[in-house]
Amino acid sequence: MKFRAGFGMLWASQSLALFGDAFYVIALVTLVYRETGAATWTALVPIVRMGGLLVSGILAPLAIRRYPLAALLKAAQGGQTLFLLLLAMYAASGIGAVSLPLLFALIALASLAEGVVAPGRNSLLPRLVPEARLVQANGYLSATDQSAQFAGWALGGTLAAVIGPGGVLWLAAGLFVLALAAVLGIREPRRPGAVPDDRPESGWQAIRGGWVVIWRSPLLRTVVVTEVIEGVAGGVWAGALMLVFVRERLHRGEEWWGFINASYLIGAIAGGLLALSISRRIDRSLGLFAIGGAVAFGAITLAFAFAQNPWIALAMSLLLGPPFQMKDIAKRTLFQKNVDAAVLPRVFSAHGTVLYATFGISVFAMSAVSDLAGIQAAYVAAAVLFAISAAFALWNRAAYRASGSPVEAKELTASPR
């Protein structure tokens, strides 16, 4: 497969960063738990991180309107790497007990930078890859992303036990330094005929620009609504609820929790590779794969909910990977093909903000369902939500059929007069 050199650098940076990200999270959770021995403090690690990502997603358009996308991505990756190096140095300093406020402040700052990286990469991809090969490129990235996460989570726990969380943080920092080096090698190509948009714009207009694009495009609005519905369902796959399912439904220990997570990642890797092999077919029917993936994912989730044999649950978890990858790749490509490159970073920032907020609501909602009606009910509810998402998409299938012409920045971000 031949892409521009910039794509190779983007791929390398993303893979290294995701590998390091698994080490980073494992190290922080282990460090906080060792210092406090309290689950509440430990749970603050993902909460603080998600809060930083949410704020960053809202404010990122202020930076996006002022700086070239490649330069912004380099700065954001550099900021994330810097704060991770500071975390590693602080953890290794041995100066008394760890200060939790300082630790959480550094986590929040790293997350603010991280929140710019994801929309930056997703938006830069269409500038580095021909439109006809976007599905192929997204499939390639998804397969390697899942492989990097699988390797990171598989090795991270063992390394934390052997060299301690401080050592794992240093390894994570090293991987992020390599990711930064790859990002610095990206050269954003000039788009033929592209001219800068010098229209005066307030900060509020910059922040709301991505939301306006999503709201005024029937296709993007439909996709985002389905992702919100599916995002509320997604809380059942959070670590804590999965552990409850393993213990209460499957009557197995924590090792099966790890087995089921690993099987899902293997299925996701397989799904990315499958997407690569049928990329042309997906590209011709993006809406079909987005909707069909949700239907299949919901059906397998329902089967998982009624599984009592751990081996059946393991098989269902493996089967979840391919449909998730299909719908994720199809939806990401729909955004990349149907939004003008000038406003795509803002759209992905708004999109990410929705997903971060939905995830927080989802974990709370599904935990409440589990406490009130049992863990099986939570997974049944998730399957029902996926069915609702698919039904909504089918109801608005005309929006998918109308896709293909990028929405113009000036048309959709202009203020009403």
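1. In helix α7, the buried residues (buried: under 20% relative accessible area, 1.4 Å probe, protein chains only) are L219, L220, T222, V223, V224, T226, E227, I229, E230 and A233. Helices here are DSSP runs of H or I with at least four residues, numbered from the N terminus. An α-helix has 3.6 residues a turn, so residues three or four places apart point the same way.

2. A word on the source: this is a predicted model, where local features need pLDDT of at least 70, side-chain atom pairs count only at pLDDT 80 or more, and totals for chains, interfaces and linings use all residues. Residues are numbered from 1 along each chain as its sequence is written, and side-chain values use heavy atoms, with hydrogens and water left out.

3. The length of α7 checks out nicely: its 16 residues (218-233) should span 22 Å (1.5 Å times one less than the number of residues), and the end C-alpha atoms are 23 Å apart, which agrees.

4. Have a look at the surface, too. V55, I58, L59, L109 and L112 make up a nonpolar patch there, with about 370 Å² of accessible area together. Such a patch takes residues with over 30% relative accessible area and no salt bridge, nonpolar side chains (Val, Leu, Ile, Met, Phe, Trp, Tyr) being joined within 5 Å; a salt bridge is a side-chain nitrogen of Lys or Arg within 4 Å of a carboxyl oxygen of Asp or Glu. Areas come from the Shrake-Rupley method with a 1.4 Å probe, and for residues only the protein chains shown count as cover.

5. Helix α2 gives the most to this patch, with three residues. I58 sits in α2 and is partly exposed (between 20% and 50%), at 36% relative accessible area.

How values were computed. Patches are made of residues with over 30% relative accessible area and no salt bridge: like charges are joined within 9 Å, nonpolar side chains (Val, Leu, Ile, Met, Phe, Trp, Tyr) within 5 Å. Helices (H or I, at least four residues) and strands (E, at least two) are DSSP runs, numbered from the N terminus.
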